[in-house]
Amino acid sequence: RIFSSRGGMAAQRETMGPLMDDDEGSLEEHLSQAFVCPISHCIMEQPVVAPSGQSYDLAAITSWLKRRPIDPLSGAPLSVSSLYPNRALQEQILEQLEQLADSAEARDDGALAAS
């Protein structure tokens, strides 16, 4: 795997930035909504799963829990210690980002060849 850590995900997002045209929308619009944190509405960088089965980005849910110790969607009591990394979801996100980057690079290479 090319990207296997939080830094890798951030690096992948930076790589995508110049490859995406402004009229194509945000990166979140190009990926499955299952990859978007329901709190931050951004692609999860460190997905974690709560006992309810809901996944959140670690930074977003940690910030939420500092203000209110409940699961934002289920309303059940929740603490950081009951969250577990959602590695399967993180792999899916990374794979889709890599595919999108490859597609954007191919589109960019094609545009350069045509000019």
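**How the sheet, Asn-86 and the core get their labels**

Strand 1 (residues 47-49) and strand 2 pair in the antiparallel sense over three bridges, in a model that is predicted.

Reader: What makes strand 1 and strand 2 a pair?

Author: Two strands pair if there are at least two bridges between them, and strand 1 and strand 2 have three bridges, so the label of a pair applies. Within this pairing, Val-49 stands opposite Ser-55 in strand 2.

Reader: Why is one side of strand 2 (55-57) and of strand 3 left without a neighbour in the sheet?

Author: The open sheet has three strands in the order 2-1-3, with antiparallel pairing. Strand 2 and strand 3 stand at the edges, and each has a single partner strand, so one side of each lacks a neighbour in the sheet. Helix 2 packs on the sheet, where it touches strand 1 and strand 2, and its direction makes about 90° with that of strand 2.

Reader: Why is Asn-86 called buried?

Author: Buried means under 20% relative accessible area, and Asn-86, with a value of 17%, is therefore buried. Asn-86 lies in the loop between strand 3 (84-85) and helix 3 (87-114).

Reader: What makes the meeting of the side chains of Asn-86 and Ser-55 a polar contact?

Author: A polar contact needs a pair of N or O atoms within 3.5 Å, one able to donate a hydrogen and the other to accept it; the contact between these two side chains is at 2.7 Å, so the distance satisfies that cut-off. Leaving aside neighbours within four places in sequence, Asn-86 is also in contact with residues including Pro-47, Val-48 and Val-49.

How values were computed: Residues are numbered from 1 along each chain as its sequence is written. This is a predicted model: local features need pLDDT of at least 70, side-chain atom pairs count only at pLDDT 80 or more; totals for chains, interfaces and linings use all residues. Side-chain values use heavy atoms; hydrogens and water are left out. Helices (H or I, at least four residues) and strands (E, at least two) are DSSP runs, numbered from the N terminus. Buried means under 20% relative accessible area, exposed over 50%, partly exposed in between (1.4 Å probe, protein chains only). Contact means heavy atoms within 4.5 Å. Axes are lines fitted to C-alpha atoms, for helices over the stretch in contact, and angles run from 0 to 180 degrees between N-to-C directions.
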